[in-house]
Structure formats: structure tokens, C-alpha cells
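Student: I have a new model open on my screen and would like to learn how to read it. Could we go through it together?

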Amino acid sequence: MKFVIASDIHGSNKYCNGLLAAFKRENADKLLLLGDILYHGPRNPLPEDYAPAKVAEALGAVKERILCVRGNCDSEVDQMVLPFPVTADYAAVFADGVNIYLSHGHREVPPLCENDVYITGHTHVPLCESVTAGNGTYLHLNPGSVSLPKENSGRGYILFDNGTFYFKTLDGKTFKEVKV
């Protein structure tokens, strides 16, 4: 399975379309979204080309291929206009022998086991770190933000392909690779 994993679109039509172009270019099976899809949130500036209704419409074109978790800026109203579910705080996918757990990152870390992969958004900053906790060491990843990157990071996503996570800029350039 091949996944494009992204977070924090925050209603930017421009960068949502950039993400969808990357999804098409990568020829991925699924688009895994880590929340904060439509609303920019009170602590963030308005993203470029802020148009939540257009974002919902654009994502609707690939709705059958989206798995999405709820972010701290996602509301019941957002769920009413998005054509795919955004109701769960956590999700799990299992591919290429890897247990991948998804969350926006604003909730408590679930119990994870040795060699699990936990992917969150929320901070708008790419991350790759090993974390040792109760049941062993797991890998914590964050793709950063599609529309509002922080701490001088770029707009990007993670591609999961054949047991490897590739951190990429929206234009497709790989800047980090992690084999699990």
C-alpha cells in the first residue's frame, strides 16, 4: 500500500490543490489526513486562498480514498460539509507489516507497542523521533503543515511506500527518508 499522509490544510484551497496534485503524482492508494481540514483556528493567520467550501469540494473528488482523523479545529459543521467522515480522534492502518496509528496530536498518546508508528499533525512542524514508553519504543512522525508551516519548515507531506516513510515538500522533493 502507498499512502500520502498530510495535516493542517486549514481551509487553504491553493495548498489543498497542491496536496491533491502530490497525491495524484505519487499514485498513492490512500490519502491519510491528520485533521484541521477547513477552519484556520483562532491562533493561526488566515492561510493563502482561504476557501473552506472549495477545499471540501476538492477533497470530495477523492473521498473514497481518504481516511481522516479529527483535529482540534474540526467541528460538527465541518463534518456536515465534508463528504467523508471526520469523527474519530484516532485511526489505525496496517500495511507492509507496519502498524501505523494516526491522530491529530492534540489528545493523549494511545498505548503503543514496540515498533509501532504514531503519526500526528497539530504542531505544523515536521518530526521524526523514537520514543520509549510503557510497552517499548515507537516511532513518532509528523508531516508538518500543508498550508501554515511553522519554525521555518516548508509545506509538505509524508509518503509511505513499501515500508519506508519519505518526508517530502509539496513539490515532491524528498528531504528525509525513514525505513521501518
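Tutor: Gladly. Lysine 173 sits in the loop between strand S10 (164-169) and strand S11 (174-179). Helices (H or I, at least four residues) and strands (E, at least two) are DSSP runs, numbered from the N terminus. This is a predicted model, in which local features need pLDDT of at least 70 and side-chain atom pairs count only at pLDDT 80 or more, while totals for chains, interfaces and linings use all residues. Residues are numbered from 1 along each chain as its sequence is written, and side-chain values use heavy atoms, with hydrogens and water left out.

Student: Is lysine 173 buried or exposed?

Tutor: Buried means under 20% relative accessible area, exposed over 50%, and partly exposed in between (1.4 Å probe, protein chains only). Lysine 173 has a relative accessible area of 55%, so it is exposed.

Student: Which residues does lysine 173 touch?

Tutor: A contact means heavy atoms within 4.5 Å. Leaving aside residues up to four places away in sequence, lysine 173 touches Phe167 and Lys168.

Student: Now the interior, please. Which residues touch the most other members of the largest nonpolar core?

Tutor: A nonpolar core is a set of buried Ala, Val, Leu, Ile, Met, Phe, Trp, Tyr and Cys residues joined through side-chain atoms within 4.5 Å. The largest one here has 28 residues, and Leu19, Leu31, Leu33 and Leu59 touch the most other members. Among the elements that give two or more residues to this core are strand S1 (2-6), helix H1 (13-26) and strand S9 (156-161). H1 gives the most, with 6 residues.

Student: What does leucine 19 touch?

Tutor: Not counting residues up to four places away in sequence, its partners are Val4, Ala6, Ile9, Leu31, Leu33, Val146, Tyr157 and Leu170. There is also a second, separate core of 20 residues, including Val93 and Phe160.

Student: How many helices and strands does the protein chain have?

Tutor: The protein chain has 3 helices and 11 strands, and their order from the N terminus is β-α-β-α-β-α-β-β-β-β-β-β-β-β. For the overall shape, use the radius of gyration, taken over C-alpha atoms, and the globule rule, 2.2 Å times the number of residues to the power 0.38. The chain's radius of gyration is 15 Å, close to the 16 Å that the rule gives for 180 residues, so the chain is as compact as a globular protein of that length.

Student: And how much of the chain is buried?

Tutor: Buried residues make up 51% of the 180 residues.
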